[in-house]
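Student: Please pick one part of this structure and go through it closely. I would like one connected account, with the cut-offs stated as you go.

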Amino acid sequence: MTSSDEIFDTLVLPYLNHAVRMYEASYASVTDIEAGMVFGCGYAQGPLTLIDELGAATVRDALAKRYAESGDRLHQPAALLDRLATEGGTFAELGAGADAPRPTFKRDIAKVGVVGTGTMASGIAQVFAQSGYDVVYVGRSQEKLDGVVGYITKNLDRAIAKGKSTEDDKAAVLARLTGATERAALADVDIVVEAIAEDLDVKLELFRDLDGICKPGAILATTTSSLPVTQLGAATDRPADVIGMHFFNPAPVMKLVEVVTTPSTAADVDETVKALCAKVRKVAVSCGDRSGFIVNCLLFPYLNDAVLLAETGVDLEVIDTAIKEAAGFPMGPFELLDVVGNDVSLAIQKELHAEFKEPGFAPAATLEAKVAAGELGRKTKKGFHTY
Ligand code: 3HC
């Protein structure tokens, strides 16, 4: 039987190392890495704070032991971790005083468009409507539009049952939502957030179309988790107005939005989107247009490692329980894979593998097999667990 400590070392240490390398490479600030994992995944603390708590030397030594066994570069202690372990110092000190000033609206945002009718699009429409914005949401059929109202109604009913909302609030939120099956309904919105299929050709077609439909000055945002935002911008004649707003699942609950700027994104678009995030009570972090951004880049290799660990014969339930107990994460890796969807997880892992070319990021065979078998997670009632 593998102990909780061994499971923690196998799955969590490489994640910590990876976070150090992300900071070392100047991809993200200490604050944004920490906020990413706390507000995107519901962790009690981020990876760099966890290293400060455990002690850099302890983490470095445990990683060095794993590296001696595996020879995998992902386990080789990051140079900065080694330096902190040897010379002293913490990530809290490295990150101190680097907070960005409070963003303000540089463009007016009164009306929001959402494209898509899936879980993410429905959750995003709810977030804006709950914060008082009029929302036009566009789907391919009336049935799909009804699904969005059904999703939001269910969430609001649950809040009412818990005494956290009222029938009047629910009516007000629903009244701010207007469904449309034609994209032309987005002509007068101030920002569009798209959450349609994670397929580059499908999204490119949408962005070309939005470019023709939306009024000048409207911001075109994508919630893609794995496709290049730069390419979506380049499909339009207004790449300066194109930006990523990566929400997390479930969108009404998870407080994080990764704001992804491309080399062309205008500074006033970036600042306006960050101000909008604050207005809808989300925490914005800044990301460059790179595969996985902050959170998925740290999260999915850990989830993939969990699948690899299970392939060695360790029971799924044992892993899920150990991670919740030893690491304090809100969900075990297999519970989370089933929420995100194995198809989505596989696509993200493939992108990370392609971008970073780490052999250790190669998608686990079982993840591929689950997708091939149509066992995608909660949405198909069977993934790693059965529902
Ligand atoms: N939609 C709307 N609200 C929901 C919800 C849903 N699907 N699921 C739960 N909630 C609400 C509940 O109503 C409750 O609200 P309240 O506090 O106002 O009463 C609150 O969330 C907490 O729910 P519960 O008490 O029922 O359950 P938990 O305490 O187990 O919390 C959780 C649920 C917030 C989902 C928690 O398990 C969690 O934080 N999980 C981690 C999720 C995560 O890591 N997401 C990121 C995935 S990666 C991603 O999205 C990126 C993409 O690119 C793939």
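**From Q126 to the ligand shell**

Tutor: Leaving aside neighbours within four places in sequence, Q126 is in contact with Y151, I152, N155, L156 and P252 (contact means heavy atoms within 4.5 Å). The model is predicted, so local features need pLDDT of at least 70 and side-chain atom pairs count only at pLDDT 80 or more, while totals for chains, interfaces and linings use all residues. Residues are numbered from 1 along each chain as its sequence is written, and side-chain values use heavy atoms, with hydrogens and water left out.

Q126 sits in helix α7, residues 119-130 (helices are DSSP runs of H or I of at least four residues, strands are runs of E of at least two, and both are numbered from the N terminus). Its relative accessible area is 3%, so Q126 is buried (buried is under 20% relative accessible area, exposed over 50%, partly exposed in between, with a 1.4 Å probe and protein chains only).

Two of the residues that Q126 touches, N155 and L156, lead further. The C-alpha atom of L156 is 8.6 Å from that of E167, 11 residues away along the chain. E167 belongs to helix α9, residues 167-175, and is partly exposed at 49% relative accessible area.

N155 leads to the ligand: one of its polar side-chain atoms lies 3.3 Å from a ligand nitrogen (a polar contact is a pair of N or O atoms within 3.5 Å; within protein, one must be able to donate a hydrogen and the other to accept it, and residues adjacent in sequence count only if both atoms are side-chain atoms). K164 places a polar side-chain atom 2.9 Å from an oxygen atom of the ligand. N249 uses a polar backbone atom, 2.9 Å from a ligand nitrogen. On its own the ligand has 1,000 Å² of accessible area, and the protein covers 67% of it (Shrake-Rupley method, 1.4 Å probe; for residues, only the protein chains shown count as cover).

The elements giving two or more residues to the shell are α2 (30-41), α8 (142-161), α13 (295-311) and α15 (333-340); α8 gives the most, with 3 residues. Of the 22 residues around the ligand, R158, K162, K164, H246 and N249 come nearest (a residue is near a molecule if one of its heavy atoms lies within 4 Å of it). By type, the shell divides into 13 nonpolar, 6 polar and 3 charged residues (Ala, Val, Leu, Ile, Met, Phe, Trp, Tyr, Cys and Pro count as nonpolar, Asp, Glu, Lys and Arg as charged, and the others, Gly among them, as polar).

N249 has a second feature: its peptide bond to P250 is cis, with omega near -5 degrees. P250 lies in the loop between β6 (242-247) and β7 (256-261). Most peptide bonds are trans.

Domain 1 (4-96 + 294-380) and domain 2 (111-288) both give residues to the shell, so the ligand lies between them (domain bounds come from an automatic or database assignment). Their centres, taken over C-alpha atoms, are 28 Å apart. The contact between them takes 15 residues from domain 1 and 14 from domain 2.

Among the shell elements, α15 has 6 of its 8 residues buried, so this helix is largely enclosed by the rest of the structure. Those buried residues are P333, F334, L336, L337, D338 and V340. Their cover includes α13, α14 (316-327) and α16 (342-356). After α15 comes G341, with a positive phi near 105 degrees.
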